[in-house]
Amino acid sequence: MLILVTNDDGVRSPGIRALAEALHDLGRVVVIAPDRNRSAVGHALTLEHPLRAEELKTDVFAVDGTPTDCVNLGVHGLIQATPDLVVSGINLGSNVGDDITYSGTVCAAMEASLMGLPAIAVSLDTRQFKTEELLGAARFSRKLAMKVLQSGLPTDTFLNVNIPSGVCRGVRLTRQGKRKYGEAIVCKQDPRGRNYFWIGGGDVGYEDIPGSDCNALQDGLISVTPLHTNLTNDLSRQELTGWSLDSLMEKS
Ligand code: MN
């Protein structure tokens, strides 16, 4: 088995080290990850400058690009073989609800899925890694990876996994919830008297939706959400049929 491991926190994160270590006995594990923290870059792909990959040691590469770049480079350049599985994480902090749209961790798995590869994104709901929790998250990731390698995943499906901190009471199959970001911008002054802004400074909440990833974490449960990339809103599509878009066309 060949497993590609990536993340968005950077190749030096304890999260990716714990993950790679846990997966090691399942096959050849190749780590290809950003050379620095690239959290919240979403599904960004680097097109305007060349990418460099430094092999830090055998099968561990640091890339000066995004998580999506890493998956691309891994599959099409650095490894001369197609991975059987791509695992992204373990991210420092949860990726639930609308976080998914910003998350480099989740979008690395999305990229793998677009390439037709089974993929899992794993995040730990904490602000600071504690060794025991991280090892527990890595052990769960290993078991889930084994399951995916054995059973495969349905077409166009990748898994978003979030692991609670503290006591873990079980696992739940969930759906994407809804975040409440609130007033998340902090404005301060620099030493020269100019304003600067920091996004993401405020507290983040979530809507109470039974069966959601957010609720699962709150209940001390690991959430496993199957995702796909098609964002079409089918309900709205029916409603917008009444717009008769043809009437917007200029008459010739
Ligand atoms: Mn991150």
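The following exchange concerns a helix, several salt bridges and the nonpolar cores of a predicted model.

Biologist: What kind of model is this, and which pLDDT limits apply?

Modeller: Residues are numbered from 1 along each chain as its sequence is written, and side-chain values use heavy atoms, with hydrogens and water left out. The model is predicted, totals for chains, interfaces and linings use all residues, and the limits are a pLDDT of at least 70 for local features and of 80 or more for side-chain atom pairs.

Biologist: How far apart are the end C-alpha atoms of helix 2?

Modeller: Helices (H or I, at least four residues) and strands (E, at least two) are DSSP runs numbered from the N terminus, and helix 2 covers residues 67–78, which is 12 residues. The expected span is 1.5 Å times one less than the number of residues. A straight helix 2 would reach 16 Å, but its end C-alpha atoms are only 14 Å apart.

Biologist: Which elements are among those covering the buried residues of helix 2?

Modeller: Buried means under 20% relative accessible area, exposed over 50%, and partly exposed in between (1.4 Å probe, protein chains only); by that rule the buried residues of helix 2 include Pro67, Cys70 and Val75. Their cover includes strand 1 (2–6), strand 2 (28–34), strand 4 (60–63), strand 5 (85–92) and helix 3 (104–114).

Biologist: Which aspartate meets arginine 142 in a salt bridge?

Modeller: A salt bridge is a side-chain nitrogen of Lys or Arg within 4 Å of a carboxyl oxygen of Asp or Glu, and the structure holds 8 of them. Arginine 142 lies in helix 4 (residues 131–151) and its partner in the loop between helix 1 (14–23) and strand 2, so the pair ties together parts that are 117 residues apart in sequence. At 2.8 Å, N to O, the partner is aspartate 25.

Biologist: Is aspartate 99, which pairs with arginine 179, buried or exposed?

Modeller: The side chains of arginine 179 and aspartate 99 meet in a salt bridge at 2.9 Å, N to O. Arginine 179 is buried, with a relative accessible area of 15%. For aspartate 99 the relative accessible area is 9%, and the residue counts as buried.

Biologist: Which helix gives the largest share of the largest nonpolar core?

Modeller: A nonpolar core is a set of buried Ala, Val, Leu, Ile, Met, Phe, Trp, Tyr and Cys residues joined through side-chain atoms within 4.5 Å. The largest one has 34 residues, and those with the most contacts (heavy atoms within 4.5 Å) inside it are Leu23, Val31, Ile90, Ile120 and Val161. The largest share, 7 residues, comes from helix 4.
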